[in-house]
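Thank you all for making the time this morning. I would like to walk through one model, and I would ask you to keep the sequence and the structure in view while I talk.

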Amino acid sequence: MRKEMETGFVAVEKIGGRSTVTRCFSKYPLKFIIPRKVGSSITDAVWIYSLTYGGGIVSGDSISCGFTIGDGCTTVLTTQASTKVYKSVGSKCSEQVLEARIGSNALLAVIPDPVTCFSTARYSQKQVFRVFSDSCLVIVDWITSGRHATGEKWDFELYKSSNHIFLDDQPLFLDTVLLEQGSVSSIAERMKDYQVIAMLVLLGPTLKHIQNQVQEDVKRMMSEQLRFPSTATGRHRSSDHRLLKPTFIASCSPFGPKGIGIVVRIAAMTTESVYSFLRHQLAGMEPLLGVPPYG
């Protein structure tokens with residue numbers, strides 16, 4: 001990303017032993033809010049709130065931002081509310097690009113609220129992260145089906161989200177989610193009753209205990225949720241199983257050398273169930289970030 005093309009840039013470095021914003025720049029339609037302190041005074045973490053003028057991303061908007069997280073620094077990038085993507089005008093696609101470099105023994109947590117695309121919206125985002133073997137990274141990337149209050153469910157035209165992680169400039173994790181209206185079936189028809197798609201990535205040695213707990217929790221949740229109902233005799237009643245569609249589905253897989261990262265993929269019928277899952281699974285990050293994510 002060329003610096004002259006950026007809509008925003010933030011650099012965080014260690015100054016006097018504390019994670020400190022040493023450079024911050026943004027221009028329309030992007031704005032950063034950086035509170036002086038979030039949570040406990042003993043916690044060393046910079047919180048950055050990203051928002052757009054007008055409360056959302058307008059058709060044709062192109063936002064690009066860069067982040068440099070210095071060695072040993074902790075940074076949180078979040079939002080104040082869901083990212084709204086407004087209706088497309090003349091088939092224009094809105095786009096957002098984020099590039100981040102995370103230093104040695106540094107932590108970046110990208111924990112936004114979900115993206116909500118309005119009817120006919122077209123939206124593409126790409127996030128590129130460059131890490132070292134001892135860097136730590138948290139990514140939450142999720143989308144809701146739309147504005148339920150107005151009857152919109154998966155009514156947008158296009159949603160594409162890519163997340164790429166490079167370890168020592170070598171590809172470590174390359175992922176893309178693509179939802180597009182089709183000529184044979186609509187997104188709503190393919191999604192059935194599910195209203196939220198989410199992905200959680202946890203990477204790095206400092207987060208290993210959280211990774212292990214998440215893996216155990218997802219395994220337990222799914223074994224309970226997907227277990228066939230049984231009769232009093234202990235025999236499975238397969239005829240009833242088709243009636244019990246899980247309201248929350250999650251999978252968890254390790255990736256990278258020696259399983260240094262995990263990715264959790266979620267499909268859920270309610271936004272609140274995903275918020276609840278994220279609050280519970282990321283609660284152990286409070287000592288690192290100052291406050292629990294999504295608390």
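Before I place any residue, one definition: helices and strands here are DSSP runs, of at least four residues for a helix (H or I) and at least two for a strand (E), and they are numbered from the N terminus. In those terms, lysine 14 belongs to strand 1, and I will come back to that residue once the sheet around it has been described. Please keep in mind throughout that this is a predicted model.

Let me begin with the sheet. Seven strands, in the order 2-1-6-9-12-14-15, make up an open sheet whose pairing is mixed. Its edges are strand 2, residues 18-26, and strand 15, residues 170-180, each of which pairs on one side only. From one strand to the next, the twist averages 10°.

Within that order I would like to look at strand 6 and its two neighbours. Strand 1, residues 8-15, pairs with strand 6, residues 62-69, in the parallel sense over 5 bridges. In this pairing phenylalanine 9 stands opposite glycine 66 of strand 6, while valine 12 has isoleucine 69 of strand 6 as its bridge partner. Strand 6 also pairs with strand 9, residues 94-102, again in the parallel sense, and here over 8 bridges. One position in that second pairing is serine 62, whose bridge partner in strand 9 is glutamate 95.

How enclosed is strand 6 by the rest of the structure? Of its 8 residues, 6 are buried, so strand 6 is largely enclosed by the rest of the structure.

That brings me to the nonpolar interior. As a general remark, nonpolar side chains in soluble globular proteins tend to be buried together. In this model the largest nonpolar core has 46 residues, and the members that touch the most others are Phe67, Ile102, Cys117, Phe129, Leu137, Phe156 and Ile165. Strand 6 supplies the largest share of this core, with 4 residues. To take one of the well-connected members, cysteine 117 touches Val85, Tyr123, Ile143, Gly146, Phe156 and Tyr159, if residues up to four places away in sequence are not counted. Another core, of 35 residues, lies apart from the largest one, and Ala45, Ile111, Ala198 and Ile210 are among its members.

Now back to lysine 14. Leaving out residues up to four places away in sequence, lysine 14 touches Ser19, Asp44, Asp71, Gly72 and Cys73. The last of these, cysteine 73, is 59 residues away from lysine 14 in sequence, yet the two C-alpha atoms are 6.4 Å apart in space.

The contact with aspartate 44 deserves a closer look, and the general background is that side chains of opposite charge can pair when their charged atoms come close. Here the side chains of lysine 14 and aspartate 44 meet in a salt bridge, at 2.6 Å from N to O. This salt bridge links distant parts of the chain, since aspartate 44 sits in the loop between strand 3 (30-33) and strand 4 (46-52) and lysine 14 in strand 1, 30 residues apart. Are the two partners buried or partly exposed? Aspartate 44 is buried, because its relative accessible area is 17% and the cut-off for buried is under 20%, whereas lysine 14, at 36% relative accessibility, counts as partly exposed.

In total the structure holds 8 salt bridges, and two others are worth showing. Arginine 220 and glutamate 224 meet through their side chains at 3.8 Å, N to O; both lie in helix 2, residues 208-225, and they are 4 residues apart, about one turn of the helix. Both partners are partly exposed, arginine 220 at 41% relative accessibility and glutamate 224 at 45%. These two residues are also linked with Asp217 in a network of salt bridges. The other example joins arginine 279 to glutamate 272, with the closest N and O atoms 2.5 Å apart; arginine 279 is partly exposed at 30%, as is glutamate 272 at 45%.

I will finish with a helix pair. The axes of helix 2 and helix 4, residues 271-281, come within 10 Å and cross at roughly 140°, and the two helices are therefore oblique to each other. Helix 2 contributes Ile210, Gln213, Val214, Asp217, Val218 and Met221 to this contact, and helix 4 contributes Phe277, His280 and Gln281.

Note on methods: Residues are numbered from 1 along each chain as its sequence is written. This is a predicted model: local features need pLDDT of at least 70, side-chain atom pairs count only at pLDDT 80 or more; totals for chains, interfaces and linings use all residues. Side-chain values use heavy atoms; hydrogens and water are left out. Two strands pair if DSSP finds at least two bridges between them. Axes are lines fitted to C-alpha atoms, for helices over the stretch in contact, and angles run from 0 to 180 degrees between N-to-C directions. A nonpolar core is a set of buried Ala, Val, Leu, Ile, Met, Phe, Trp, Tyr and Cys residues joined through side-chain atoms within 4.5 Å. Buried means under 20% relative accessible area, exposed over 50%, partly exposed in between (1.4 Å probe, protein chains only). Contact means heavy atoms within 4.5 Å. A salt bridge is a side-chain nitrogen of Lys or Arg within 4 Å of a carboxyl oxygen of Asp or Glu. Angles under 35 degrees count as roughly parallel, over 145 as roughly antiparallel, 65 to 115 as roughly perpendicular and the rest as oblique.
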